[in-house]
Amino acid sequence: MTDQWPKYEVFKQEREGGPFRNVGSVHAPDAELALLNARDVFARRPACHALWVVPAAAILARSTQEPCPAVLSGPVQPYAVCAKQSQRQTMTYVDYLGHVEAPSAAEALLLAPATFDAPEATVWWAFPEAAITRSDPADAPGLEAA
């Protein structure tokens with residue numbers, strides 16, 4: 001049963017230079033198969049230039065109403081930061097805004113509001129950039145034609 005496999009959040013970029021947006025999730029035994037599953041599910045229509053998958057377990061999320069999680073120290077590394085910026089966006093859950101250098105995902109969540117202009121944000125996500133498995137740029141024509 002596939003729901004026993006780890007869950008991966010899928011981010012899609014519709015055109016080169018466009019934003020990466022979370023479009024849903026897939027279950028797979030590893031990141032490479034998650035990327036293949038994501039391609040089958042999310043790269044059909046509309047157009048898709050690139051895909052990312054991120055293990056859901058690597059994502060620290062909080063709403064603006066929740067207190068910030070405890071900050072744990074670790075090595076400083078880049079953390080991807082995403083935010084849901086409107087309640088009206090029905091298809092898109094969160095948009096990738098960029099990254100911050102931080103010792104933990106919790107610290108990245110603390111830095112995010114001051115770093116990124118997202119006054120309407122209702123939910124924030126942070127995860128290590130190293131957790132992203134990216135589609136190969138050479139696959140872009142195949143993704144768009146899929």
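**Exercise 1. The largest pocket**

How much space lies in the largest pocket? State its volume, then describe its lining.

Solution.
Step 1. The model is predicted. In it, the largest pocket holds about 150 Å³ of space.
Step 2. The lining is made up of 10 residues, and those closest to the pocket centre are Leu35, Leu36, Ser135, Asp136 and Asp139.
Step 3. Sort the lining residues by character: 5 are charged, 4 are nonpolar and 1 is polar.
Step 4. Look for the element that gives the most to this lining. Helix α1, residues 31-42, does so with 4 residues.

**Exercise 2. The salt bridges**

Find how many salt bridges the whole structure has, and describe the burial of the partners in each pair.

Solution.
Step 1. Side chains of opposite charge can pair when their charged atoms come close. The distance to test is that from a side-chain nitrogen of Lys or Arg to a carboxyl oxygen of Asp or Glu, with a cut-off of 4 Å.
Step 2. A search of the whole structure gives 3 salt bridges.
Step 3. Take Asp95 and Arg21, whose closest N and O atoms are 2.9 Å apart. This pair links distant parts of the chain, as Asp95 belongs to strand β6 (residues 95-102) and Arg21 to strand β2 (residues 20-27), 74 residues apart. Asp95 is buried at 7% relative accessible area, while Arg21 is partly exposed at 34%.
Step 4. Take Arg134 and Glu129, which meet at 3.3 Å, N to O. Arg134 has a relative accessible area of 41% and is partly exposed; Glu129, at 13%, is buried.
Step 5. Take Glu9 and Lys7, with an N to O distance of 3.7 Å. Glu9 counts as buried at 10%, and Lys7 as partly exposed at 39%.

**Exercise 3. The buried face of helix α2**

Which residues of helix α2 are buried, and why do they line one face of the helix?

Solution.
Step 1. Helix α2 covers residues 105-115, and its buried residues are Ala105, Ala106, Ala108, Leu109 and Ala112.
Step 2. Viewed down the axis of α2, these buried residues fall within an arc of 155 degrees, so they line one face.
Step 3. The spacing rule is general: an α-helix has 3.6 residues a turn, so residues three or four places apart point the same way.
Step 4. Identify the cover. The elements over the buried residues of α2 include β4, β5 (77-84), β6 and β7 (123-128).

**Exercise 4. The surroundings of Ser63**

Locate Ser63 in the fold, decide whether it is buried or exposed, and list its contacts beyond four places in sequence.

Solution.
Step 1. Ser63 sits in strand β4, which runs over residues 60-63.
Step 2. The relative accessible area of Ser63 is 18%. The cut-off for buried is under 20%, so Ser63 counts as buried.
Step 3. Leaving out residues up to four places away in sequence, Ser63 touches Thr122 and Val123.
Step 4. Compare sequence and space for Ser63 and Ala83: they are 20 residues apart along the chain, with 9.4 Å between their C-alpha atoms.

**Exercise 5. The whole chain**

Give the order of helices and strands in the chain, then its burial and its long-range contacts.

Solution.
Step 1. Count the elements: there are 3 helices and 8 strands.
Step 2. Read them from the N terminus: β-β-α-β-β-β-β-α-β-β-α.
Step 3. The chain has 146 residues, of which 45% count as buried.
Step 4. Among contacts with a separation of 6 or more, 64% are between residues 24 or more positions apart.

Definitions and conventions
Residues are numbered from 1 along each chain as its sequence is written. This is a predicted model: local features need pLDDT of at least 70, side-chain atom pairs count only at pLDDT 80 or more; totals for chains, interfaces and linings use all residues. Side-chain values use heavy atoms; hydrogens and water are left out. Buried means under 20% relative accessible area, exposed over 50%, partly exposed in between (1.4 Å probe, protein chains only). Helices (H or I, at least four residues) and strands (E, at least two) are DSSP runs, numbered from the N terminus. On a 1 Å grid over the protein atoms alone, a cavity is a set of points where a 1.4 Å probe fits but cannot get out, and a pocket is an open set with protein on both sides within 12 Å along at least five of seven lines; lining residues have an atom within 4 Å of a point. Grid points are joined across faces, edges and corners, and a volume is the space filled by probe spheres set on the points. Ala, Val, Leu, Ile, Met, Phe, Trp, Tyr, Cys and Pro count as nonpolar, Asp, Glu, Lys and Arg as charged, and the others, Gly among them, as polar. Contact means heavy atoms within 4.5 Å. The arc is that of the directions from the helix axis to the C-beta atoms.
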